[in-house]
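The following paragraphs offer a guided reading of a structural model. Please keep the sequence and the coordinates in view while following the text.

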Amino acid sequence: MSNTDSTRRSFLKKATLALALSMGMGTGLLGMTAAHAEDIGKPEKADLKFGFIKLTDMAPLAIAYEKGFFEDEGLFVQLEAQANWKVLLDGVIDGQLDGAHMLAGQPLAATIGFGTKADIVTPFSMDLNGNGITVSNTVWEKMKGHLEMKDGKPVHPIKADALKAVVEEYKKEGKPFNMGMVFPVSTHNYELRYWLASGGLNPGLYAPAKDDIKGQIGADVILSVTPPPQMPATLEAGTIDGYCVGEPWNQQAVAKGIGVPVITDYEIWKNNPEKVFGLTKEFTEKNPNTTAHVVKALIRAAYWLDENNNANRKEAVEILSKPEYVGADKEVLANSMTGTFEYEKGDKRDVPDFNVFFRYNATYPYYSDAVWYLTQMRRWGQIGEHKDDAWYDETAKSVYRPDIYKKAAEALIAEGKLKKEDFPDFAAESGYKPATGDFIDGVTYDGKKPNEYIDSFKIGLKKDEKA
């Protein structure tokens, strides 16, 4: 976002506020604003810079900016695309960025010291679902012989069992089977690993105590990091045989005719948490009012994105297609953002919940979501030693901040911008969702029993095992 644009918006907002104040506080609207100001208070820091990666699920940031929701909170925000997830995280840690669109695993990994050590927290979950797994045309043709077909089209969801035969063929020929994911602590890494393992394929282990952070120990499929926008080109070059990434980069493979998305993460884990908004713990403690105002603006943006059965999605696509945001073709963005998903050319299916930004309490930072990511870090060796159940609970509560979210939501309710029923019942909310078996392998996840969950898998570390 240009400095000129930000300055213009800042001037207009401040001028509007000055005019309103000069007219007195007698109206109901101004009286309501004044009352709210006493509740949360004036932002300690009003000029902010937030980072993001060029993915569809950065949408709440773009919408909060474009619709003036940040300005409504007295915030003057610049949005700045980042080169990759590490650069983005480093920018938040060193203060170049005040906050950012983050992988759900990033605040957790930073807190426990896997990779960069830092105290990062999240008071806001940005979305549910939104990812897919794509394979090359060559791999897809080999997989098709192992799929159930109906009316000439594959029956979904497609399990990794169909890929296993292809991987075994590669092994016999002495060739590695390579797949890309976006970052070691990304949802994409864990979803890809989960899908592969559910089909009997070992995605490999990490051994950080031995300085092995590649995650390829004992792997049937070799996973490596590729930045999201580079996924299609890397697949086309033959460097990888498939990848897991967020939109629009699966649909881009279809548009370019270079690959086929075989499964969405909605089919791997129904309504799985995806990105979060992350800030340093220090920032939230130094700027509690600012933090609450930011969350208010993001909640409103998420609500707008899902409002009236996704009625605003076409406008959202127009906004996201701008080069300063995602910069992909509108048609490619619309494939998933408007409730459909194209698996291969001509096979477009209804997937109304491919992108969820607000419904199903998508924005609430559930402890059980954090615990799931921690179980996968332990399963694949990023957490090198056994931890008891209490550790998972304590770690989740040190990173996920529903208390900040509640403060912001209650302010929006008091202002009449949203309704009480739009949110969880805060008085009864424990932060843990009910146990669910909505996974492709049918395994039940209960966030209150992380070790029982970890030990239920055939592939991956359990109990006191180490890589």
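How many of the six residues of strand β15 (residues 275-280) are buried? The model is a predicted one, and in it six of the six are buried, so β15 is largely enclosed by the rest of the structure. The burial can be followed on each face of the strand. On one side lie Lys275, Phe277 and Leu279, on the other Val276, Gly278 and Thr280, and both sets are buried, so that both faces of β15 are covered. Lys275 thus belongs to a covered face together with Phe277 and Leu279.

The pairing of β15 comes next. Strand β3, which spans residues 99-103, pairs with β15 in the antiparallel sense over four bridges. Within this pairing, Met102 is placed opposite Val276 of β15. Strand β4, formed by residues 120-125, is likewise an antiparallel partner of β15, again over four bridges. Here Val121 stands opposite Leu279 in β15. Both of these β15 residues have already appeared above: Val276 is buried on one side of the strand and Leu279 on the other.

Attention now turns to helix packing. Two packed helices are described by the angle between their axes and the distance between the axes. Helix α6 (residues 105-112) and helix α17 (residues 367-379) have axes that come within 10 Å and cross at roughly 60°. That angle makes α6 oblique to α17. The crossing in which α6 passes α17 is right-handed. From α6, the contact is made by Gly105, Leu108, Ala109 and Ile112, while α17 contributes Ala370, Tyr373, Leu374 and Met377. Sorted by class, this contact of α6 with α17 contains seven nonpolar residues, one polar residue and no charged residues.

Helix α6 has a further packing partner in helix α18 (residues 389-399). The axes of α6 and α18 lie 10 Å apart, and the two helices pack at an angle of about 115°. Helices α6 and α18 are therefore roughly perpendicular to each other. Their crossing is right-handed. On the α6 side the contact involves Pro107, Leu108, Thr111 and Ile112, and on the α18 side Trp391, Thr395, Ser398 and Val399. The residues of this contact of α6 with α18 comprise five nonpolar, three polar and no charged.

Which residues of α6 take part in both contacts? Leu108 and Ile112 are listed in the contact with α17, and Leu108 and Ile112 also appear in the contact with α18.

Technical notes: Residues are numbered from 1 along each chain as its sequence is written. This is a predicted model: local features need pLDDT of at least 70, side-chain atom pairs count only at pLDDT 80 or more; totals for chains, interfaces and linings use all residues. Side-chain values use heavy atoms; hydrogens and water are left out. Axes are lines fitted to C-alpha atoms, for helices over the stretch in contact, and angles run from 0 to 180 degrees between N-to-C directions. Angles under 35 degrees count as roughly parallel, over 145 as roughly antiparallel, 65 to 115 as roughly perpendicular and the rest as oblique. A crossing is left-handed if the near helix is turned anticlockwise from the far one by less than a right angle, and right-handed if clockwise. Contact means heavy atoms within 4.5 Å. Ala, Val, Leu, Ile, Met, Phe, Trp, Tyr, Cys and Pro count as nonpolar, Asp, Glu, Lys and Arg as charged, and the others, Gly among them, as polar. Buried means under 20% relative accessible area, exposed over 50%, partly exposed in between (1.4 Å probe, protein chains only). Two strands pair if DSSP finds at least two bridges between them.
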